[in-house]
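Colleague: I should like to go through this model with you. Could we take the points one at a time?

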Amino acid sequence: MRTVHVDTGAPYDIFIERGLIPRCGELIRPLTSAQKAVIITDTNVAPHYQWSVHNSLAAHGFNVKTHIFKAGEESKHLGTIAEIYKTLADFRVTRRDIIVALGGGVCGDMAGFAAATYLRGISFVQIPTSLLAQVDSSVGGKTGVDLPQGKNLVGAFHQPAAVLIDPDALATLPDRFIADGMGEVIKYGCIKDAAFFEQLESRDAMENIEDVIETCVSIKRDVVSRDEKESGERMLLNFGHTLGHAIEKLNGFSGMTHGMAVAAGMVMIARAGEKNELTEPGTADRIAALCKKYDLPASDSHGFDELAEAAAGDKKTAGDGINLVLLRKIGDSFTLFMPLAELEEYIATDTRPDEETENTEHTENTGNTDEQSDI
Ligand code: MG
């Protein structure tokens, strides 16, 4: 079994192996003295794995209850958390008991937030079933929910007791959810690992998906261990996300998945980096080609004025500015503080986001002023 040890304030292991889901009880039992385990899952995942997890936990001495919520980002709000609290309280869950988050990123974020706050914090285990959750969101201890005003505006840092990654779960995922996860996979190559990026270019990631998952979680582990609360290096994980979040917002959180929006955001910010002579020329085209290989978009149809305005509402804004993550080249990333007033001009390239190749109308606008870029 591949094991990635995460040495945070509360150290834990990430286990990666095919067929782990039906064996989860065996791996969770040594980690806890809990009598009760509450599985939190959604309506998409429950039909596939609910009983497999339930039976394995029950076989290892847990009294098991399952809470199922309606699948989708629309469920990621405090109302769903209140329903989870009700299940936990009715089942008389105590501080020594455990929550098992079984599902994708939304499930992990919400089950983790419930675990972080119920009785001021109980233990939880992540069993991520989407590629996005396996390579990214299940690692790092971020939990939370959305508010009508924006994504992930309420939350807590709460480390899991373990993360159990079963690549077999990806077989039941529709292709677009594989693409969604590939956005974050490509991000890891961009920010930290040029050789990994080249491997994604030359091979099919799904052929050696266990290696891909292990590489991604190891990079995230290294970054998060050095910076648990996102003050410095952890910001690099936001590469593509400032514009990505703006794209998700402008598409009403439904037109584009997170991974799709991040893919377009990575290409755009790399183009901006090239325009501003901080990024090696050709980098954006390489990222765009890799995104296309994995069925991800390399652009978005909104204007730079709209993108800049939406990005200014992102929670990662610091006062009057925003920390942009840029690349020197593939595998080498850094942050740059950008005053909000300068963001639109900084990201505006003469390749309009929606007309990658055939736009000729605005080619003379390379020295965009604020007035010109409102065209
Ligand atoms: Mg992300």
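**Contacts and domains**

Modeller: Let me begin with one side-chain pair: E248 and H258 make a polar contact through their side chains, at 3.0 Å. Please keep in mind that this is a predicted model.

Colleague: Where is E248 placed?

Modeller: E248 is in helix α9, which covers residues 241–250.

Colleague: And is E248 buried or exposed?

Modeller: E248 counts as buried because its relative accessibility is 4%, and buried here means under 20%.

Colleague: Let us turn to the overall layout. Which domains does the assignment give?

Modeller: The domain assignment of the protein chain gives domain 1, residues 2–172, and domain 2, residues 175–347. The contact between them takes 27 residues from domain 1 and 31 residues from domain 2.

Colleague: How many Å separate the two centres?

Modeller: The centres of domain 1 and domain 2, taken over C-alpha atoms, are separated by 26 Å.

Colleague: What area do the two domains bury between them?

Modeller: Domain 1 and domain 2 bury about 2700 Å² between them, and 63% of that is on carbon and sulfur atoms. On the side of domain 1, R2, L131 and V135 supply 22% of the area buried against domain 2, more than any other three residues.

Colleague: What about charged and polar pairs across that interface?

Modeller: The count between domain 1 and domain 2 is five salt bridges. In addition, eight residue pairs are in polar contact across the interface, both residues being at pLDDT 80 or more.

Colleague: Which elements give two or more residues to the side of domain 1 that touches domain 2?

Modeller: Those elements are β1 (2–6), β2 (12–16), α5 (131–137) and β8 (150–157). Helix α5 gives the most, with six residues.

Colleague: How do the residues on that side divide by type?

Modeller: On the side of domain 1 that touches domain 2 there are 13 nonpolar, eight polar and six charged residues.

Colleague: You listed R2 earlier. With which residue does the side chain of R2 meet in a salt bridge?

Modeller: The side chain of R2 meets that of E214 in a salt bridge, at 2.7 Å from N to O.

Colleague: And how many salt bridges does the rule count in total?

Modeller: The count comes to 18 salt bridges. One of them joins E210 and R18, whose closest N and O atoms are 3.5 Å apart. E210 lies in helix α8 (residues 209–226) and R18 in the loop between β2 and α1 (24–28), so this pair ties together parts that are 192 residues apart in sequence.

Colleague: Are E210 and R18 buried or exposed?

Modeller: E210 is partly exposed, with a relative accessible area of 21%. R18 is partly exposed as well, at 39% relative accessibility.

Colleague: What is around P167, and where is P167 found?

Modeller: P167 is found in the loop between β9 (162–165) and α6. Leaving aside neighbours within four places in sequence, P167 is in contact with I16, E17, R18, Q134, I209, E210 and I213. That list includes E210 and R18, which form the salt bridge just discussed.

Colleague: How buried is P167, and where does Q134 stand relative to P167?

Modeller: P167 is buried, with a relative accessible area of 3%. P167 and Q134 are 33 residues apart in sequence and 8.3 Å apart in space, C-alpha to C-alpha.

Colleague: Back to salt bridges. Which residues are linked in a network?

Modeller: D136, E184, K187 and K220 are linked in a network of salt bridges. Within that network, K187 and E184 form a salt bridge with their closest N and O atoms 2.8 Å apart.

Colleague: Where do K187 and E184 lie?

Modeller: K187 and E184 both lie in helix α6 (residues 175–192), three residues apart, about one turn of the helix. Both residues are buried.

Colleague: What of the pair R286 and E201?

Modeller: R286 and E201 form a salt bridge, and their closest N and O atoms are 2.9 Å apart. R286 lies in helix α11 (residues 283–293) and E201 in helix α7 (residues 194–202), so the pair ties together parts that are 85 residues apart in sequence. R286 is partly exposed at 31% relative accessible area, and E201 is partly exposed at 30%.

Definitions and conventions:
Residues are numbered from 1 along each chain as its sequence is written. This is a predicted model: local features need pLDDT of at least 70, side-chain atom pairs count only at pLDDT 80 or more; totals for chains, interfaces and linings use all residues. Side-chain values use heavy atoms; hydrogens and water are left out. Domain bounds come from an automatic or database domain assignment. Contact means heavy atoms within 4.5 Å. Buried area is the accessible area (1.4 Å probe) that two parts lose on being put together, summed over both. A salt bridge is a side-chain nitrogen of Lys or Arg within 4 Å of a carboxyl oxygen of Asp or Glu. A polar contact is a pair of N or O atoms within 3.5 Å; within protein, one must be able to donate a hydrogen and the other to accept it, and residues adjacent in sequence count only if both atoms are side-chain atoms. Helices (H or I, at least four residues) and strands (E, at least two) are DSSP runs, numbered from the N terminus. Ala, Val, Leu, Ile, Met, Phe, Trp, Tyr, Cys and Pro count as nonpolar, Asp, Glu, Lys and Arg as charged, and the others, Gly among them, as polar. Buried means under 20% relative accessible area, exposed over 50%, partly exposed in between (1.4 Å probe, protein chains only).
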